[in-house]
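This report describes a single protein chain from its atomic model. Please consult the sequence and the structure shown here alongside the text.

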Amino acid sequence: MDKQLYEFLIEAKKQTYANANVKKADSSRKGSHDYHYQNEKMTYHDTYFGGTKFMGEEVVYCNDETPIWGMNYYGITIDESLSEEAMDKALRPALMAVGQDDDVIPVRGPKNYENGEYEYSFLVKGDLDCFEGTETIYKGKTKVYELKCHGGIIKR
């Protein structure tokens, strides 16, 4: 299951928020922004609220709609002069590089990614079973964005 989940997360993340060309799904809750992706075996759903300060949750379901994996996250744009659109342009390309580092679980982006004047980094401890991570973006030498995430396998 781990290899299947690992590969599915890479596939799903590249077909949802990280991909600027993908349309959002219908809101699942009042005020939410949602993305949905599925293949023949698994379904991925990402729901978040907010923009420059946001929180969200991702869940992967198996065939029978049983939740098997999840992640919660909270992010903040520290530099209030930057819009949500500006941060999307800095963040999305890094997230599209998910899976490029073999030693980084595919829950956000790679360890490091440069995009023009922005430098992205993701530090994560643990594995897909149980993890926590911190994602940051610097513009020059100034930290302009930070996200904290944690999650893992879901079992009854």
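The sections below treat the confidence of the model, the sheet and its hairpins, the helix across the sheet, and the internal cavity.

## Model and confidence

The structure is a predicted model. Its mean pLDDT is 95, and 99% of the residues reach 70 or more. Among the elements of the protein, strand 8 has the highest mean pLDDT, at 98, whereas helix 2 has the lowest, at 92.

## Sheet architecture

The protein contains an open sheet built from eight strands, with antiparallel pairing. Read across the sheet, the strand order is 1-2-3-4-8-7-6-5. Strand 1 (33–38) and strand 5 (112–115) are the edge strands, each of which pairs on one side only. From one strand to the next, the twist averages 15 degrees.

## The edge at strand 1

Strand 1 runs antiparallel to strand 2, and six bridges join the two. The connection between strand 1 and strand 2 is a hairpin that passes through three residues. Within this pairing, Y37 has Y44 of strand 2 as its bridge partner.

## The edge at strand 5

At the other edge named above, strand 5 is joined by four bridges to strand 6 (residues 118–127), and the two run antiparallel. Several facing residues can be identified: N112 stands opposite S121 in strand 6, Y113 has Y120 as its bridge partner, and E114 stands opposite E119. The hairpin formed by strand 5 and strand 6 has two residues between the strands, and G116 in the turn has a positive phi of about 60 degrees.

Strand 6 also runs antiparallel to strand 7 (residues 130–139), to which it is joined by ten bridges. Strand 6 and strand 7 likewise form a hairpin, with two residues between them. In this pair, G126 stands opposite F131 in strand 7.

## Helix 1 across the sheet

Helix 1, comprising residues 2–14, lies across five strands of the sheet: strand 1, strand 2 (42–50), strand 3 (53–62), strand 4 (67–77) and strand 8 (142–153). Helix 1 runs at about 50 degrees to strand 2. Strand 2 thus appears in two descriptions, as a strand crossed by helix 1 and as the hairpin partner of strand 1.

## Internal cavity

How many cavities of 30 Å³ or more does the model contain? The count comes to one. The largest cavity has a volume of about 260 Å³. It is lined by 21 residues, of which Y17, F54, L91, L95 and R108 are the closest to its centre.

Strand 2, strand 3, strand 4 and helix 2 (84–96) each supply at least two residues of this lining. The largest share, five residues, comes from helix 2, the element that also has the lowest mean pLDDT in the protein. By residue class, the lining of the largest cavity divides into eleven nonpolar, six charged and four polar residues.

Terms used:
Residues numbered from 1 in each chain as written. Predicted model: local features only at pLDDT ≥ 70, side-chain atom pairs only at ≥ 80, totals over all residues. Heavy atoms only, no water. Pairing = 2+ DSSP bridges. Axes fitted to C-alpha atoms, helices over the stretch in contact; angles between N-to-C directions. Contact = heavy atoms within 4.5 Å. 1 Å grid on protein atoms, 1.4 Å probe; cavity = no way out; pocket = protein on both sides within 12 Å on 5 of 7 lines; lining within 4 Å. Points joined across faces, edges and corners; volume = space filled by probe spheres on them. Nonpolar A, V, L, I, M, F, W, Y, C, P; charged D, E, K, R; others polar. pLDDT = per-residue confidence, 0-100.
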